[in-house]
Amino acid sequence: MTTNHTEPGNDFQSFGFRPELLSGIAEAGFQTPSPIQRQAMPLVLEGKDLIAQAQTGTGKTAAYGLPCLNRIEIKEGMQVLVLTPTRELALQVSDELYRLGKNLGIKTTTIYGGASYSKQISQVTKGAQVAVATPGRLLDLLKGKELKNFKPTMVVLDEADEMLDMGFLEDIESIFGFLPEERQTLLFSATMPDAIKKLASRYLDHPAHVKIAATEKSSKNIEQVYYVIDEQERDNAVVRVLDYENPFKAIIFTKTKKEADDLKTNLGFKGYAVEALHGDLSQKQRESVLKSLHDGRIKILVATDVAARGLDVKDLSLVINFHLPFDSESYTHRIGRTGRAGKSGKAVTFVTTRESRALLRLKGTSGTELTFAALPTKKEVQARRHQDFLTKILETEIHADAEALFQTLCEKEGKEAVSLKILSQILDKVKISGPEKIGKHPSEWNETPPPSKKRGSGGGDRRRGGGRSNSSNSSSSSSYRGEGRRESSSGSGRSGKDGGSGSKGGTKPHRFRNK
Ligand code: AMP
């Protein structure tokens, strides 16, 4: 990337933003536009529809947010709608847009399940110009005709692939039925599967395309290892990793809500300060869990993918994948929770021998340096903890009463015996649980799998089938999606009632706007 400041697009001034917006950008601490911002912002400012392929962490929110904010007419009510897959992301986007647009006097509202209907409705009625919404609750409000003058002319689908994965396609189609035909539509997505292209062809008009290469992902400062374990070793393996790494803060990703709850209970019993984050929590519980992680009251979060989407936790030094993630996008998203802002981080993934092919596939598609390692043995963990204690002891300031006590003890037992006894007292507290050895060591593991026995027996999908049948409380990929689906609409109580509603008339593909 060049840093030639004479080139247009290398500073925010060159985009012709309003002074109030420029001051918001400066106050947010943004100095130079990121690559996606440089590419996308001029196109959005021109009023073009846009398909942008970019991941979280690239500055995509400001890439669509800044030009949209710049185009808002303050007196004209609702103009910008951003749809996001989860409440968490909705809140994050809303915060970012508020922060950037506050000097323009722009009001934002966030619309998601699990929170008060009336407050969200009144914020729209009272003239918020920007709404950031999850599809489920927004559709509820639109169908109930509760949002007066809701005619946004700039519409953003953020993390569109994630919304489709979570089963929001019908809702999105229905929502478009309520939106003005004369509008600008922007689609941001980390991946571009066919379903996204189809969605874009229905609702975007001659879109421009921009793409941020996947190689610009910031996984360079993340050490990535995988451990090969047996299915029944998962819980012990987590404890072993936590004991060894002693992370400042960690996230453990599980496949299912039940697994998250079980692991939380298990770790809680063992004395870890831990909470679970998943779609069954009320909004209030969710906020309280996140707050305790931010405050440092808990150090470990056990979360499902969907619940942790968009989380930006500072000082997260460790990510544990309790299972091999479904695909490389998910893997990259997960590990990207650590190693932020130039800090180093570690990502650990548990793999069973049955998943060896899936592992190779993941390594191939993610292009990351995921290397095999042996789980530390009990002895190795113990040695590391002892070392930590020794360091701590050597750094400890001597307590005012210590000297007199030490003298008294030494008169009875002699210096050496007293010192050894004190140390033993401390070391007794270092209790490492679990078996001496967990998982495979180098002599027991060869990453290259034996040749395929049979072709044509669903080999490509064997990972899912195999992994599932093997796991006591695992879930299918559809329940994984289902969870997300429920997650974003749970509070709205609509999961049952509008199962088929999206198909009445509204699902007919429209092309809006004829330019
Ligand atoms: P996003 O990809 O939108 O989730 O953004 C990731 C993070 O980068 C957020 O914390 C943004 O506030 C921050 N950010 C976005 N654009 C810039 C920029 N040009 N300079 C510095 N930070 C930025």
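**Close-up views of a predicted model**

**View 1. Three helices line the second largest pocket.** Helices α16 (378–395), α17 (402–413) and α18 (415–427) each supply at least two residues of this lining; helices are DSSP runs of H or I with at least four residues, numbered from the N terminus. Five lining residues come from α17, which gives the most. A pocket is an open set of points on a 1 Å grid where a 1.4 Å probe fits, with protein on both sides within 12 Å along at least five of seven lines, and lining residues have an atom within 4 Å of a point. The model is predicted, so local features need pLDDT of at least 70 and side-chain atom pairs pLDDT 80 or more, while totals for chains, interfaces and linings use all residues. Residues are numbered from 1 along each chain, and side-chain values use heavy atoms, without hydrogens and water.

**View 2. Leu66 sits in the largest nonpolar core.** This core has 39 residues, and Leu66 is among those with the most contacts inside it. A nonpolar core joins buried (under 20% relative accessible area, 1.4 Å probe, protein chains only) Ala, Val, Leu, Ile, Met, Phe, Trp, Tyr and Cys residues through side-chain atoms within 4.5 Å. Helix α3 (residues 60–71) provides six residues, the largest share.

**View 3. Phe12 and Phe30 form a tilted aromatic pair.** Their centres lie 6.4 Å apart, with 35° between the planes. Rings of Phe, Tyr and Trp (its six-membered ring) pair if their centres lie within 6.5 Å; planes under 30 degrees apart are stacked, over 60 edge-to-face, and the rest tilted. Phe12 is buried, at 3% relative accessible area.

Notes. Buried < 20%, exposed > 50% of the residue type's maximum accessible area, 1.4 Å probe, protein only.
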